Amino acid sequence: MSRAARAEPAAARATAVVDLGAIERNCARLRAALAADAELCAVVKADGYGHGAVESGRAALAGGATWLAVAAAAEAAELRGALPAARLLVLGALTPAELDLALGAGADIAVWRRGFLELVQARAGALGARPRVHVKYDTGMGRLGERDPDAVTDLVAAAASAEELELTGFWTHFATADEPGSAFFIEQLERFTELADQLRREHPGLIRHAANSAATLSDATAHFEMVRCGVAVYGLDPFGDDPAAQELEPALELRSYIADVKDFEAGDSAGYGRTWRAPQATRVGVLPIGYGDGVRRALSNNADVLVDGRRHPLVGTVSMDNLTIDLGPLTTVDPGSPAVLIGAQDGERILAEELAERLETINYEIVCAVSSRVPREYVRSG
């Protein structure tokens, strides 16, 4: 019987396999690293960085997270439907309609200027709710938040004195925590600490939070009462290196299969624009996955794919639904063989960090790019 006849049929043209056990263990590792009684908030925005928000959020809570954070109101509403007891925090800007949705989901709300605080007050009265608010201080990120310490102090006082609201948190976000030795990170941390310590004395129950994954792993003085970890929850290294160096386990694998194997003569080309031509006779595998699934077109002639535990170069232009790899003239690979674009196979591996380096981007973008038409398959190792 030929290998082609023996090959298992693929369950899908492409699959993102998400290891919930890895997410749990990553959260447990992060939680164990926290200073004093600091809590872990797992950031599950953007559909859990492409891993699935509800499933990732549930695994994060099982691993020791006590909060879940998102960027948008619809994300909070989705989580509330599945995780009715979870503490949710919406970090992003909200329109009035989105604010109603977030408040209806029982989420804590970020506030950053007086006008938005007053909107939250007004909507709280209309909805009969008492929202919990977290005042944001722009210490140098240059996005939402007051920059002037006096202005942000006034905003905190206004939130604390509003009967319709419950002042819950005070927070900032670091711009360069993922750059080891960054002086600007130290400046931001010092700026935040000075005001945060004062406000904590004035409001003893205030939850101060500033650290992202990079700051959580690099500087315990940034932990305060809570940290917000995103990328590390999913086993991705916030510094762009090997996650194993931080004792993190990548949770996502992107898999496809060999749909066809074609004989090429020297000079034959694959893909749009004939950007690759076979330098010699070889065999080329066709995979039914492309940029419509999240494999960036910029990886054309610039990536490897694992088949039978060996790396094979991606050749030709990545199209929306297909790509091609050079299997070599002596290959024994047949149609139906599994292929791995991100992940491990028979002792070899391709990390999201490797693809990010090739594309001169960050690992966040690699996993977030896996599109919604790729089904997520959830497993639990360990």
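Let's start with phenylalanine 192, which is buried at a relative accessible area of 0%. This is a predicted model, and a search through the whole structure turns up eight aromatic pairs. Two of these pairs are described below, one tilted and one stacked.

**The tilted tyrosine pair**

- Tyrosine 49 and tyrosine 364 have ring centres 5.9 Å apart, with their planes at 35 degrees, so the pair counts as tilted.
- Helix H3 (residues 45-49) holds tyrosine 49, while helix H12 (residues 363-368) holds tyrosine 364, so this pair ties together parts that are 315 residues apart in sequence.
- Tyrosine 49 has a relative accessible area of 6% and is buried, whereas tyrosine 364 is partly exposed at 27% relative accessibility.

**The stacked phenylalanine pair**

- For phenylalanine 170 and phenylalanine 192, the ring centres lie 5.3 Å apart and the planes meet at 10 degrees; planes under 30 degrees apart count as stacked, so this pair is stacked.
- Phenylalanine 170 sits in strand E7 (residues 166-171) and phenylalanine 192 in helix H9 (residues 183-202), so the pair ties together a strand and a helix, in parts that are 22 residues apart in sequence.
- Phenylalanine 170 is buried, with 0% relative accessibility, and phenylalanine 192 is buried with a relative accessible area of 0%.

**The ring cluster**

- If you would like a spot to look at in the 3D view, try the cluster in which ring pairs link Tyr137, Phe170, Phe192 and Phe224.
- Among the members of this cluster are Phe170 and Phe192, the two rings of the stacked pair.

Methods: Residues are numbered from 1 along each chain as its sequence is written. This is a predicted model: local features need pLDDT of at least 70, side-chain atom pairs count only at pLDDT 80 or more; totals for chains, interfaces and linings use all residues. Side-chain values use heavy atoms; hydrogens and water are left out. Rings of Phe, Tyr and Trp (its six-membered ring) pair if their centres lie within 6.5 Å; planes under 30 degrees apart count as stacked, over 60 as edge-to-face and the rest as tilted. Helices (H or I, at least four residues) and strands (E, at least two) are DSSP runs, numbered from the N terminus. Buried means under 20% relative accessible area, exposed over 50%, partly exposed in between (1.4 Å probe, protein chains only).
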